[in-house]
Amino acid sequence: MTEATYNPDVLTCLANLSNDEVFTPPKLANDMLDLLPNELWTDPNATFLDPVTKSGVFLREIAIRLMEGLENQIPDKQERINHIYTKQLFGIAITELTALLSRRSLYCSKVANGKYSIVSSFNNEDGNINYTRTEHRWFNDHCVFCGANQSEYDRSDDLETHAYKFIHTNNPKEIYNMRFDVIIGNPPYQLSTGGSKSQATPLYNKFIVQAKKLQPRYLTMIIPDRWFSGGFGLNEFRTDMLNDDRLRDIHIYPVASDVFPGVDIPGGVCYFLWDRDHHGQCKVTVTTDNQSSVSTRPLLEKGVDIFIRYNEAVSIINKVKDFNEKSITELISAQKPFGLATTYNGSNKRFDNYIGIYGRNQTMTYAPKSAITINKELLESWKVFISAAYGERISKNYLVTGTPFVGEPNTACTETYIGFGPLKSKQQADNLKMYIHTKFFRFLVLMHKPTQHILRKVYDFVPLQDLSQEWTDKKLYEKYNINENEIAFIDSMIRPMELN
């Protein structure tokens, strides 16, 4: 095809609404549809619902497949179009604008029964793309359905409410009053609850829970994958998903821009196929830099309460767990280890009975011991401090954590850091710092790290070592019998950290 005749698909050119409401590229939509059994495309009774339609891409691509698959059963093209578009394809738009866009994509007209619509049998303007303005239901300043903050989302009629219809009802069956064979979509990811963005309440889990209430044969959605091991308010959802043996396929993209060009979603994304009649292990495909790793395995490994994202990591983690050692978390303080906020500022001058306070960028100020309200027993000991958050925007060769540093006796820190301690001597502190520098240590942290925040829980997989001796990657690989292929995988994921 020459440049002069190139006719791009307009749905590949749409600007995203936000990082939380992302348009689905046609290629990704088709990758998700490829998970479904081929017999659906030749079934004139199969029904499909996109409960969060934005561009109409899923319904459009389904229509293309059905038009081909039903040609022998319904030879007349217009009759086939009318049947597919009125009897098989249904959507719930997230806004009035996306309702118009979806109808334009699906019916070639923003008015389903208009003169330019390819469907000749609709008797209403909406067709099967449903949109009605929905309001939040407030209780104690938050929506009982989605958790939205009333002060932010109790809006006038000329503004979007972001009260998505599919999840703002106790009975989603009432919307269409029918059963669906397939529910497919790309739901909004999160909504502010009035706090920081990192504490915004996730929404995608609510769409999945609601979709299961409709008991479809198949459910497939693309969502952030931070639910594997973390995420605000996702504990119950994670437990339910990882104990559901109807999850048949998961495709994981640790770098979201591999499927959503130009979009930054920390932690990456995944899409899955939930099959009502499947009971068994899950096929897990992880793709980075156009290279895929495939394994069929349980969603939960023995003694692990999160989903291990990388197939190659499973054997490494199991080898470490076989030693039944204590976790390094026994040495780790909780968030805000000494009760001092990040913004705490002490004096720039030393004075009698002072302690040193490490703040941002390891800047030290001074304060009386009375400023410390918790973990006072750590003041007199040696400890190691490390940043409580560390973010990277690369596809591999992670550092994972910030650089650790030793805190001598009579020092504390703000909540910029977490602390490891108490340690008996400077030698123990130096040996722990050296252990943190190893790729082995930081690899195990990465396997439990859903976002840039690396607080106590993220260190669960890391075993506590005898800190009377130095630890190197070579010694650790020998101890845990990590083989050459496993070492190569760790090397591909973790880059060296200079020992300061």
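These exercises walk through strands and helices of one predicted model.

Residues are numbered from 1 along each chain as its sequence is written. In this predicted model, local features need pLDDT of at least 70, side-chain atom pairs count only at pLDDT 80 or more, and totals for chains, interfaces and linings use all residues, while side-chain values use heavy atoms, with hydrogens and water left out.

**Exercise 1. Find the partners of strand β14 and state how each one runs.**

Step 1. Locate β14 at residues 354-358. Strands are DSSP runs of E with at least two residues, and helices are runs of H or I with at least four, numbered from the N terminus.

Step 2. Look for pairing, which requires at least two DSSP bridges between two strands. Five bridges join β14 to β15 (residues 364-368), and these two run antiparallel. Tyrosine 354 stands opposite proline 368 in β15.

Step 3. Check the link. β14 and β15 form a hairpin with five residues between them. In the turn, asparagine 361 has a positive phi of about 60 degrees.

Step 4. Turn to β18 (residues 411-413). Three bridges join this strand to β14, and the two run parallel. Here isoleucine 357 stands opposite alanine 412.

Step 5. Is β14 mostly covered or uncovered? Mostly covered: four of its five residues are buried (under 20% relative accessible area; exposed is over 50%, partly exposed in between, with a 1.4 Å probe and protein chains only).

**Exercise 2. Give the strand order of the open sheet that contains β16, and name its edges.**

Step 1. The order is β17-β16-β19, with antiparallel pairing.

Step 2. β17 (405-407) and β19 (417-423) stand at the edges. Each has a single partner strand, so one side of each is left without a neighbour in the sheet.

Step 3. Neighbouring strands are turned by 30 degrees against each other on average, direction ignored.

Step 4. β16 (residues 382-387) pairs with β17 over three bridges. Valine 384 has valine 406 of β17 as its bridge partner.

Step 5. Add the helix. α10 (residues 426-437) packs on the sheet and touches β16, β17 and β19. Contact means heavy atoms within 4.5 Å. The direction of α10 makes about 25 degrees with that of β16.

**Exercise 3. Describe how helices α11 and α13 pack.**

Step 1. α11 covers residues 439-446 and α13 residues 484-493. Their axes are 10 Å apart, at an angle of about 75 degrees. Axes are lines fitted to C-alpha atoms, for helices over the stretch in contact, and angles run from 0 to 180 degrees between N-to-C directions.

Step 2. α11 and α13 are therefore roughly perpendicular (65 to 115 degrees).

Step 3. Lys439, Phe443 and Leu446 of α11 meet Phe489, Ile490, Asp491 and Met493 of α13.

Terms used:
Angles under 35 degrees count as roughly parallel, over 145 as roughly antiparallel, 65 to 115 as roughly perpendicular and the rest as oblique.
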